[in-house]
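Please open the model in your viewer and keep the selection tool at hand, as this tour goes from one selection to the next.

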Amino acid sequence: MDQRGRDRNDRTRDRPGTGQGGEHAPRRDFVGRELLEIGALLLTAGAAHLLVLTLGHHGHGPPLLVTAGAGFILVGFLHRWRTHRRALTPRPAAPAPLPWPRDPMAEEGAETLWRIRVGVADVPGGLATLTTQLARLGVNIRLMQVLPGYVDAVDEFLASVPRHVARERLADAVVRAGGRDPVIEPADAHELIDTTSRTLALVAELVTEPGTLSAALLSLTGADTVARLSRPPEGLAADEVSGPVMCLAAPGGGVLVLRRAGVPFGPVEFARCRALVDVAALLRRTGASREAGSEIREP
């Protein structure tokens, strides 16, 4: 190391407030803290002496000092006793959590199956609004079909509804969602099949019992009544729909008139009923031809 470097190190070691390795010594901080403590002690002693001298020159001074000291001692003792007692007192156990409220939907037999048929505006979001209102009541839609109508669509639901939800409340929710002329009636668990399967079952029943056409039409459309007339009602022709009235040409002559309150019949429902009537007419003709053939073969 050259002479210039050694001179620089010597000046660093000789600098006040630095020690070996260039670390600062805490001497100044130590002295300042000691001076503060001594000053506080002298101030406290002087204030106590002044208080004693001031009260000592009065006749009630010494009793007042004794009373104040005894009072402080008593308050301190009571505070320690209360703290110790509180520490020894067992804490009450935390209250048990409240049980969750029972869900009426989870109770056995707490649901009712309803058939809901309602007219809904055929616009985007119409069906979503309706299902949202039903969901707020705890309704579980089990089966649904949408039947396009001449003006509005007809939505039909088979839904499990909580038993405490009355029919009036269900109808009110449907109307608030924009539904028109809701028809709500009890349903049976055997109806929880899709439309295609139900139609095939009705056709099979027609094959075995041809006289069940009227009952099959009621089951397929949910109509209130079906009547066999000799001619169509006034203002209607055979095979025509007018709102809640449907007229179908009946096998063997006459017409079948279906009526339904509220929701009008749609073109899809009319096509299904027309096909069912055609099946019944075909079965009637087939049965008649078989009877005629058997009569011809008789000797």
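**One face of a helix**

In this predicted model, begin by selecting helix H6, whose buried residues are Thr195, Arg198, Leu202 and Leu206. If you look down the axis of H6, these buried residues fall within an arc of 85°, so they line one face of the helix. Now select Thr196, Leu200 and Thr208, the exposed residues carried by the face of H6 that is turned away from its buried side. An α-helix has 3.6 residues a turn, so residues three or four places apart point the same way.

**A second helix**

Next select helix H5, residues 167-176, where Leu170, Ala173 and Val174 are buried. They cover an arc of only 100° around the axis, which puts them on the same side of H5. Show their surroundings as well, and you will find that the buried residues of H5 pack against strand S1, helix H4, strand S3 and strand S4. Glu168 and Arg176, by contrast, are exposed on the face of H5 turned away from its buried side.

**Charged pairs**

Return to Arg198 and add Glu156, for the side chains of these two meet in a salt bridge, 3.8 Å from N to O. Glu156 lies in strand S3 and Arg198 in helix H6, so the pair ties together parts that are 42 residues apart in sequence. Then select Glu185 and Arg115, which form a salt bridge with their closest N and O atoms 3.9 Å apart. Here Arg115 is buried, at a relative accessible area of 7%, whereas Glu185 is partly exposed at 24%. Finally, display Arg115, Arg117, Glu156, Glu185 and Arg198 together, since they are linked in a network of salt bridges.

How values were computed
Residues are numbered from 1 along each chain as its sequence is written. This is a predicted model: local features need pLDDT of at least 70, side-chain atom pairs count only at pLDDT 80 or more; totals for chains, interfaces and linings use all residues. Side-chain values use heavy atoms; hydrogens and water are left out. Buried means under 20% relative accessible area, exposed over 50%, partly exposed in between (1.4 Å probe, protein chains only). Helices (H or I, at least four residues) and strands (E, at least two) are DSSP runs, numbered from the N terminus. The arc is that of the directions from the helix axis to the C-beta atoms. Contact means heavy atoms within 4.5 Å. A salt bridge is a side-chain nitrogen of Lys or Arg within 4 Å of a carboxyl oxygen of Asp or Glu.
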